Amino acid sequence: MSATIKVGISDLNVARSPDIVMTYALGSCVGICLYDRGKKIAGLSHIMLPDSTATHGAVQVARFADTAIPLLVQKMTAMGANKRALTAKIAGGARMFATGGPNSSLSNIGQRNVQAVKAALAKLGIPIIAEDTGKDYGRTLYFYAEDGVMQIKSAKCGEWKF
């Protein structure tokens, strides 16, 4: 019997088959699903912002793409995942705010989050094999450690799998 592990905003967690990791409220935030197919180990991070270097003081590591993704990889390898075997699927990064014009930092935060996630994954040599990003709607994400399937549910658009 599988357990469903909830990942909050600015949070991350790992799971082993047959468990499921899931997160709600992916608007401009991005969900990063990492998977080791051979070991059936899954990881999910729900990042809120692209870059920790612009903050002052203590950093909540799981909040930022540049710090959360390396931490997620570390947690997965501690569980037995092979870093070289990891693949990624990402979702979210929507344009949820229509204020300030298309170039304002608030209206394009989703796009900036997606770019930061892609840069962090590239830096670690982790290929993105599926993506559902952008657009203008929120998503709930389920990631299955059994087979690496990413399921997206949206009140506006229904549901689909990658």
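Two strands are said to pair if DSSP finds at least two bridges between them. The exercises below apply this to a predicted model.

**Exercise 1. The hairpin of S9 and S10**

Task: Determine how many residues lie between S9 and S10 in their hairpin, and state in which sense the two strands run.

Solution.
Step 1. Strand S9 covers residues 150–154, and four bridges join this strand to S10.
Step 2. The two strands run antiparallel, and the hairpin that they form has three residues between them.
Step 3. Individual positions can now be matched: serine 154 stands opposite glycine 158 in S10, and lysine 153 stands opposite glutamate 159 in S10.

**Exercise 2. The surroundings of S9**

Task: Decide whether S9 is largely enclosed or open, and say why.

Solution.
Step 1. A residue counts as buried when its relative accessible area is under 20%.
Step 2. Four of the five residues of S9 are buried, so the strand is largely enclosed by the rest of the structure.
Step 3. Strand S8 (residues 139–144) is also joined to S9, by four bridges and in antiparallel fashion. Here phenylalanine 143 stands opposite methionine 150 in S9.
Step 4. The hairpin of S8 and S9 has five residues between the strands, and glycine 148 in this hairpin takes a positive phi near 75 degrees.

**Exercise 3. Two open sheets**

Task: Give the strand order of each open sheet of five strands, and identify which strands stand at the edges.

Solution.
Step 1. One open sheet has the order S1-S3-S8-S9-S10, with mixed pairing.
Step 2. Its edges are strand S1 (4–6) and strand S10 (158–161); each has a single partner strand, so one side of each is left without a neighbour in the sheet. Neighbouring strands of this sheet are turned by 20 degrees against each other on average, direction ignored.
Step 3. Another open sheet has the order S2-S5-S4-S6-S7, and its pairing is mixed.
Step 4. In this sheet strand S2 (11–16) and S7 stand at the edges, again each with a single partner strand, so one side of each lacks a neighbour in the sheet. The twist averages 10 degrees from one strand to the next.
Step 5. Within this sheet, S6 and S7 pair in the parallel sense over five bridges. Glycine 92 has threonine 133 in S7 as its bridge partner.
Step 6. H1 packs on the sheet and touches S2, S4 and S5, its direction making about 160 degrees with that of S5. H2 packs on the sheet as well, touching S4, S5, S6 and S7; the direction of H2 makes about 25 degrees with that of S4.

**Exercise 4. The two sides of helix H2**

Task: Compare the expected span of H2 with the distance between its end C-alpha atoms, and explain why its buried residues lie on the same side.

Solution.
Step 1. Helix H2 (residues 109–124) has 16 residues; at 1.5 Å a residue they should span 22 Å, and the end C-alpha atoms are 23 Å apart, which agrees.
Step 2. The buried residues of H2 are Ile109, Gly110, Asn113, Val114, Ala116, Val117, Ala120 and Leu121. They cover an arc of only 165 degrees around the axis, which puts them on the same side of H2.
Step 3. The general principle is that an α-helix has 3.6 residues a turn, so residues three or four places apart point the same way.
Step 4. The cover over the buried residues of H2 includes strand S4 (30–36), strand S5 (41–47), helix H1 (65–78), strand S6 (87–92) and strand S7 (128–133). On the face turned away from the buried side are the exposed residues Ala122 and Lys123.
Step 5. After H2 comes glycine 125, with a positive phi near 75 degrees.

**Exercise 5. Backbone features in the loops**

Task: Locate proline 18, lysine 40 and lysine 135, and describe the backbone at each.

Solution.
Step 1. Proline 18 is in the loop between S2 and strand S3 (20–26). A cis peptide bond joins serine 17 to proline 18, with omega about 15 degrees.
Step 2. Lysine 40 is in the loop between S4 and S5. Although not a glycine, lysine 40 has a positive phi of about 55 degrees. Its relative accessibility is 31%, so lysine 40 counts as partly exposed.
Step 3. Lysine 135 is in the loop between S7 and S8; this residue, also not a glycine, has a positive phi of about 65 degrees.

Key. Residues numbered from 1 in each chain as written. Predicted model: local features only at pLDDT ≥ 70, side-chain atom pairs only at ≥ 80, totals over all residues. Heavy atoms only, no water. Axes fitted to C-alpha atoms, helices over the stretch in contact; angles between N-to-C directions. Expected span 1.5 Å × (residues − 1). Buried < 20%, exposed > 50% of the residue type's maximum accessible area, 1.4 Å probe, protein only. Arc of directions from axis to C-beta. Contact = heavy atoms within 4.5 Å.
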